[in-house]
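Here are a few exercises to work through with the model open beside you. Try each task before reading its solution.

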Amino acid sequence: MAMQDHPSPCGRHPQILLDKKCLVGQLKNSTTAKSKNSKGVHLEVSFEAVDPPAISLCLVSCVDQTGDRLTAPPRILGVTGGFVLLAITFSDSVNRYLRFIDYFVYKAGPDFASLHLLARPYPSSFSPNMAAILPVSDNSEDFAVIFPHVEYFRLESRKHYTLHIYRSD
């Protein structure tokens, strides 16, 4: 998956190749962005960017480790320009068998990176392979995230979708 149209953290190439599977780990560099999940737990996302043809990596860590823990490797659902859509699964701090997924948008920037938690509600069931992130306009700082939901109760189930759209603007 390529990140395009933004200054490369490597400096030599305007694009990097990015693995869709994230690693759980901490790395502090100029790509590090911080946020909180929906329960207030601090987390950081960083990229280990390397020049192509090598594959760059995304690293995610829970900073305070107060109970909510990452229960599965975070996933990159989409990339466009300097925006990266991430799905991160946490276990509940009270009942470790309960899990919840929060969605974040990482934004690369020339001065600093940012990490934005998407507000709920989003569909409880959708195919992560169908989620997408798009810039609102050319050279825009704003983005839209689309979660298509297939309506299976209809006869033409594969032809009818409800689009859940989150816009940052």
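**Exercise 1. A sheet and its edges**

In what order do the three strands of the open sheet stand, and is the pairing parallel or antiparallel?

Solution. This is a predicted model. Step one: the order is S12-S13-S14, with antiparallel pairing. Step two: strand S12 (132-135) and strand S14 (161-167) each have a single partner strand, so they stand at the edges and one side of each lacks a neighbour in the sheet. Step three: the average turn between neighbouring strands of this sheet is 25°, direction ignored. Step four: follow strand S13 (residues 143-150) along S14, and you will find seven bridges in the antiparallel sense. For a register check, His149 has Thr162 in S14 as its bridge partner.

**Exercise 2. The partners of S9**

Find the strands that pair with S9, and give one facing residue pair for each.

Solution. Start with strand S7 (residues 69-70), which is antiparallel to S9 and joined to it by two bridges; here Arg69 stands opposite Ser91. Next comes strand S8 (residues 75-80), antiparallel to S9 over five bridges, where Gly78 stands opposite Leu85. S8 and S9 form a hairpin with two residues between them, and Gly81 in that turn has a positive phi of about 55°. Finally, strand S10 (residues 99-107) pairs with S9 in the antiparallel sense over nine bridges, with Phe104 as the bridge partner of Leu86.

**Exercise 3. The two faces of S9**

Which residues of S9 point one way and which the other, and are they buried or exposed?

Solution. Recall that side chains in a regular strand alternate between the two faces of the sheet. In S9, one set is Phe83, Leu85, Ala87, Thr89 and Ser91, while Val84, Leu86, Ile88 and Phe90 point the other way. Both sets are buried, in keeping with a count of nine buried residues out of nine for strand S9 (residues 83-91).

**Exercise 4. Ring pairs**

Classify the pairs Phe83 with Phe143 and Phe90 with Phe100 as stacked, tilted or edge-to-face.

Solution. There are five aromatic pairs in the count. For Phe83 and Phe143, the centres are 5.4 Å apart and the planes meet at 55°, so this pair is tilted. Phe83 is in strand S9 and Phe143 in strand S13, so the pair ties together parts 60 residues apart in sequence. Phe83 is buried at 5% relative accessible area, and Phe143 is buried at 6%. For Phe90 and Phe100, the centres are 5.4 Å apart and the planes at 20°, so this pair is stacked. To finish, Phe83 and Phe143 form one aromatic cluster with Tyr166.

Definitions and conventions. Residues are numbered from 1 along each chain as its sequence is written. This is a predicted model: local features need pLDDT of at least 70, side-chain atom pairs count only at pLDDT 80 or more; totals for chains, interfaces and linings use all residues. Side-chain values use heavy atoms; hydrogens and water are left out. Buried means under 20% relative accessible area, exposed over 50%, partly exposed in between (1.4 Å probe, protein chains only). Helices (H or I, at least four residues) and strands (E, at least two) are DSSP runs, numbered from the N terminus. Two strands pair if DSSP finds at least two bridges between them. Axes are lines fitted to C-alpha atoms, for helices over the stretch in contact, and angles run from 0 to 180 degrees between N-to-C directions. Rings of Phe, Tyr and Trp (its six-membered ring) pair if their centres lie within 6.5 Å; planes under 30 degrees apart count as stacked, over 60 as edge-to-face and the rest as tilted.
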